[in-house]
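Hello,

Here is the structure for your files. My notes follow below it.

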Amino acid sequence: MTRTIEYILDLAAPNGYLAWYPLKAIAERTGAELVVTPVFLGGMHKLTGNAPPMFRDKDVKGKVPYAALEFQRFLDRHGMSEFRMHPALPFNSILLQRILVAAQGEDERRALVDALQPAVWERNIDCGDVEVVRAVLEDGGFAADRLLAATQKAEIKQRLIDNTSHAVERGAFGIPTVFVGEEMWFGKERLGQIEDYLSGGKP
C-alpha cells in the first residue's frame with residue numbers, strides 16, 4: 001500500500017518553501033504520495049498561542065542570528081539560490097490558501113503549490129493583490145477565474161477554517177508540519193527522519 005505524506009502548508013511560511021522541494025524528492029524516492037492540506041497560519045498561531053520566530057525569539061540573545069545562519073545553510077545545501085525573503089513578511093496569505101483549498105484534486109493542488117511557491121518566495125509578489133495573483137495563475141495555465149471566484153464561496157472559506165482547526169487538534173502548531181498516518185514531524189530539520197520512517201526505520 002502506498003504511504004501518504006500529508007504536508008500541512010501555508011504559503012506565507014518561508015520554511016514551507018524550503019521543505020517543499022526536498023519533501024517532493026523524498027516522496028519520489030520512497031514511492032509515497034504527497035498530499036497538501038492548506039491551513040491558515042495566522043489562525044493556527046491564534047489557536048495555539050504560537051508566533052513567528054522573529055517575534056517570539058527576538059529577546060533571546062543570539063537565537064535569531066543563529067536561526068538565520070541555519071536558514072542560509074539549508075538554502076546552500078539544497079541549492080535554493082533563487083530564494084528571496086519576502087519584504088512584507090509577515091503577510092496575509094488568506095487568498096492564496098483559499099486558492100489551494102479550491103483546487104480540483106491533489107494533482108492540481110500540488111501544481112498550484114509549484115507555481116505559487118516561486119511567485120511568493122523568489123519573485124516576492126503582493127500576495128493580497130487579486131490581479132497579481134491572477135497573472136501568476138494564468139501564466140501557470142490554471143483556470144484563474146474559477147479559482148479566484150471559489151475563494152469567495154462560503155464552503156471554501158469554511159474548509160480552510162476546518163483544515164486549520166483539525167490540524168491543531170492533531171498537534172500541529174506551525175509550518176512545516178508533516179503527517180504520515182498519525183506520526184507527526186515539525187520543521188525542515190526533520191526531513192531525514194521522515195524519509196527513514198517511510199523507508200522502514202524508526203520515526
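**Helix α4 and what follows**

Right after α4 comes Gly-79, with a positive phi near 65°. Keep in mind that this is a predicted model.

Now the helix itself. α4 covers residues 63-77. Does the length fit? What span should its 15 residues have at 1.5 Å a residue? The expected figure is 21 Å, and the end C-alpha atoms of α4 are 21 Å apart, which agrees.

The buried residues of α4 are Phe-71, Phe-74 and Leu-75. Viewed down the axis of α4, they fall within an arc of 100°, so they line one face of the helix. The cover over these buried residues includes α1 (14-30) and α10 (191-198). On the other side of α4, Pro-65, Asp-76 and Arg-77 are exposed.

**Backbone points to check**

Two cis peptide bonds first.

- Leu-89 to Pro-90 is cis, with omega near 0°. Pro-90 sits in the loop between α4 and α5 (94-101).
- Ile-175 to Pro-176 is cis as well, with omega near 5°. Pro-176 sits in the loop between α9 (154-169) and β3 (177-180).

Then a phi value. Asn-124 is not a glycine, yet its phi is positive, near 55°. The residue belongs to the loop between α6 (106-121) and α7 (130-139). Is Asn-124 buried or exposed? Neither label applies: Asn-124 has a relative accessible area of 22%, so it counts as partly exposed. The cut-off for buried is under 20%.

**The nonpolar core**

In soluble globular proteins, nonpolar side chains tend to be buried together. Here the largest nonpolar core holds 64 residues. Which of its members touch the most others? They are Ile-5, Leu-112 and Leu-137. The element that gives the most to this core is α1, with seven residues.

Take Ile-5 as the example. Neighbours within four places in sequence are set aside here. Among the contacts of Ile-5 are Leu-23, Ile-26 and Ala-27. Ile-5 also touches a run further along: Ala-32, Glu-33, Leu-34 and Val-35. Val-178, Phe-179 and Val-180 are in contact with Ile-5 too, as is Leu-198. Val-178, Phe-179 and Val-180 fall in the range of β3 (177-180).

When you open the model, start with the face of α4 that carries Phe-71, Phe-74 and Leu-75. Then go to the two cis bonds, at Pro-90 and Pro-176. Finish at Ile-5 in the core.

Best wishes

Technical notes. Residues are numbered from 1 along each chain as its sequence is written. This is a predicted model: local features need pLDDT of at least 70, side-chain atom pairs count only at pLDDT 80 or more; totals for chains, interfaces and linings use all residues. Side-chain values use heavy atoms; hydrogens and water are left out. Helices (H or I, at least four residues) and strands (E, at least two) are DSSP runs, numbered from the N terminus. Buried means under 20% relative accessible area, exposed over 50%, partly exposed in between (1.4 Å probe, protein chains only). The expected span of a helix is 1.5 Å times one less than its number of residues. The arc is that of the directions from the helix axis to the C-beta atoms. Contact means heavy atoms within 4.5 Å. A nonpolar core is a set of buried Ala, Val, Leu, Ile, Met, Phe, Trp, Tyr and Cys residues joined through side-chain atoms within 4.5 Å.
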